[in-house]
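Student: Could you take one part of this structure, the way a pair of neighbouring helices is packed, and look at it closely with me? I am new to the structure, so please go slowly and then place that part among its surroundings.

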Amino acid sequence: NYYAEAEYCNGLFYEVGHAADVVIERAKSFENKCHVYFTLIKSLGAQYKIQDAICIGFNVLTQLGVECSSSPPDRNAMVKEAMEIKMTLTQLTDAEILNFREMKDNDVTTAMKFLQILCVYGYLAKQQYVLFFIITMVKLTLRHGICKESCLGMSSFSFALCQFYDFEAADRIGRLSVLLLEKCKAEEYRSYIYLLYYGNVRCWNVHVEQSLEKLLHGYHVGMQTGTIENAMNNASCFVMSSFVCGQNLVELKREIDWFRKKMIEYKRTIAHVGSVILTLGVFVSNMLISNDCPSLIGGQNIEIKRFLEQATEKNDTIAICHAYMVGCIEAYIFGEYELALNMIMKRQEAEKALTRKSLYFGMVDFYDGLVYLAMARKSNDIKWKLEAGRALSKLELFVKTGKDNCEHKLLLLQAETNSLMEENDDAFSYYESAIIVAGKNGYIHEQAIANERAGDFSLQKGDPRASGYYGNANILYLQWGAQCK
């Protein structure tokens with residue numbers, strides 16, 4: 001058992017499989033097999049053999065008395081049950097939940113351990129199972145009491161609620177998971193809980209920048225406790241969040257290079273984690289040098305092309321979606337709107353296999369909306385106006401929860417919409433507001449985009465303010481680190 005765990009930490013996954021076979025063959029009881037099954041599942045997940053990991057997990061859960069089926073659960077039934085659990089938790093105070101009795105049943109606590117790791121790998125490749133895993137963890141906690149894994153169940157449930165845009169309830173349950181973490185002294189799970197709450201939930205309500213320190217801490221804790229997969233996921237989320245809020249590209253490139261070195265060292269370069277580091281690394285490199293066309297997904301970057309081929313072969317949908325999302329942003333910044341639209345179409349086609357899409361606190365809908373408006377202006381096709389309207393409506397919803405990350409995005413989409421409708425005075429007002437709010441909240445890259453779009457609009461109308469907007473955009477792009485602009 002210990003040998004298998006050590007080889008997993010060293011990234012020697014073949015040795016993990018060999019050791020697991022020996023233990024499973026010789027173990028005299030199922031209880032003795034459980035630990036090596038757990039390590040084997042982690043090893044398979046790290047190799048992106050998700051279906052194999054989940055099949056083993058289902059077999060273990062069944063023997064532990066948890067009712068489950070290898071067939072995907074009914075989505076509507078799962079959503080209904082999730083809403084019922086949310087109402088149950090809403091009716092309980094934090095103190096009542098924190099004072100639940102301790103979970104005593106060994107089979108249940110073991111099942112909780114397997115459910116939490118299955119949540120991780122299910123999200124990466126088998127999302128139709130994820131809500132079942134999460135709901136089961138919370139139900140076992142409500143029925144049997146608290147164990148260390150209960151804080152994981154709560155943080156995962158918090159994460160799940162975001163797909164229904166219930167950000168207020170998600171934040172409350174996420175904060176509760178952190179309190180449970182401290183109560184249970186579950187340090188080995190801090191990395192995972194920080195990833196879920198600070199990396200995916202909290203920033204719907206506060207500025208993304210406020211979570212960066214927690215995500216970096218989650219990375220270090222994961223490395224110290226041997227939960228390498230969680231550490232690398234925190235690293236991935238840290239660099240993506242840094243990008244979302246407009247961190248200087250020179251600093252971001254330094255961080256990406258350092259984390260990528262660590263991922264190679266620990267053999268964690270495949271799947272979603274590797275996708276974020278690789279695609280952002282190429283994007284940042286393109287922005288830092290003088291270049292007149294996008295190369296991330298435009299067919300010019302061999303490494304990205306090879307990565308997409310591997311991701312497609314492994315059916316790594318999240319990695320594919322991420323690559324196309326970043327490619328869309330790069331293409332838009334370079335003014336290649338048809339290429340950007342093509343990236344959106346490919347991403348959306350891939351997303352059909354997912355039950356939970358990556359929104360990045362309004363960023364995805366923001367750039368989608370900008371691209372749709374650019375295409376509407378170019379083609380005058382009503383369908384792009386309708387798509388832009390849908391993106392704008394989502395930003396209106398997001399702003400109600402957290403203005404710091406989304407208000408300037410909404411204002412710029414409103415400016416572009418009014419520009420398209422020839423509502424000139426309103427358009428200028430929205431452009432000015434978008435520029436001011438983006439600057440106030442530190443989104444320097446999107447403040448640059450707002451100035452550039454205002455400059456294009458002013459030039460089109462023969463307004464002398466165009467040169468001022470363009471000048472400000474150039475200064476802001478350079479401050480961001482985008483030498484290419």
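Tutor: A crossing is called left-handed if the near helix is turned anticlockwise from the far one by less than a right angle, and right-handed if the turn is clockwise. Please keep in mind throughout that this is a predicted model. Two packed helices are described by the angle between their axes and the distance between the axes.

The pair I would choose is helix α19, residues 363–379, and helix α20, residues 382–401, whose axes lie 8 Å apart and make an angle of about 155°. Angles over 145 degrees count as roughly antiparallel, and α19 is therefore roughly antiparallel to α20. As for handedness, α19 passes α20 in a left-handed crossing. On the α19 side, the contact is made by D365, F366, G369, Y372, L373, M375, A376 and S379, and these meet W384, K385, E387, A388, A391, K394, L395 and F398 in α20. Sorted by class, the residues of this contact are 10 nonpolar, 2 polar and 4 charged.

It helps to set another pair beside this one. Helix α21, residues 403–420, packs against helix α22, residues 424–440, with 8 Å between the axes and an angle of about 160°, so α21 and α22 are roughly antiparallel to each other. Their crossing, too, is left-handed. From α21 the contact takes in E407, H408, L411, L412, Q414, A415, E416, N418 and S419, while α22 brings residues including Y430, Y431, V437 and A438. By class, the contact of α21 with α22 holds 9 nonpolar, 5 polar and 3 charged residues.

A third pair has another arrangement. The axes of helix α3, residues 30–46, and helix α7, residues 106–125, come within 10 Å and cross at roughly 5°, and α3 and α7 are therefore roughly parallel to each other. In α3 the residues in contact are C34, Y37, F38, I41, K42, G45 and A46, which meet T110, K113, F114, Q116, I117 and Y121 in α7. Here the classes divide into 8 nonpolar, 3 polar and 2 charged residues.

With the helix pairs in view, we can turn to the empty space in the model. The largest pocket has a volume of about 920 Å³, and of the 45 residues that line this pocket, Y123, R356, K357, S358 and L359 are the closest to its centre. Helix α13, residues 228–244, gives the most to that lining, with 7 residues. The pocket lining as a whole has 24 nonpolar, 12 polar and 9 charged residues.

Enclosed space is a separate matter: a search of the whole structure finds 3 cavities of 30 Å³ or more, and about 100 Å³ of space lies in the largest cavity. Of the 14 residues that line the largest cavity, I318, C321, H322, E351 and S358 are the closest to its centre. The elements that give two or more residues to this lining are α17, residues 317–333, and α18, residues 337–351, with the largest share, 4 residues, coming from α17. By class, the cavity lining divides into 7 nonpolar, 3 polar and 4 charged residues.

Note on methods: Residues numbered from 1 in each chain as written. Predicted model: local features only at pLDDT ≥ 70, side-chain atom pairs only at ≥ 80, totals over all residues. Heavy atoms only, no water. Axes fitted to C-alpha atoms, helices over the stretch in contact; angles between N-to-C directions. Parallel < 35°, antiparallel > 145°, perpendicular 65-115°, else oblique. Contact = heavy atoms within 4.5 Å. Nonpolar A, V, L, I, M, F, W, Y, C, P; charged D, E, K, R; others polar. 1 Å grid on protein atoms, 1.4 Å probe; cavity = no way out; pocket = protein on both sides within 12 Å on 5 of 7 lines; lining within 4 Å. Points joined across faces, edges and corners; volume = space filled by probe spheres on them.
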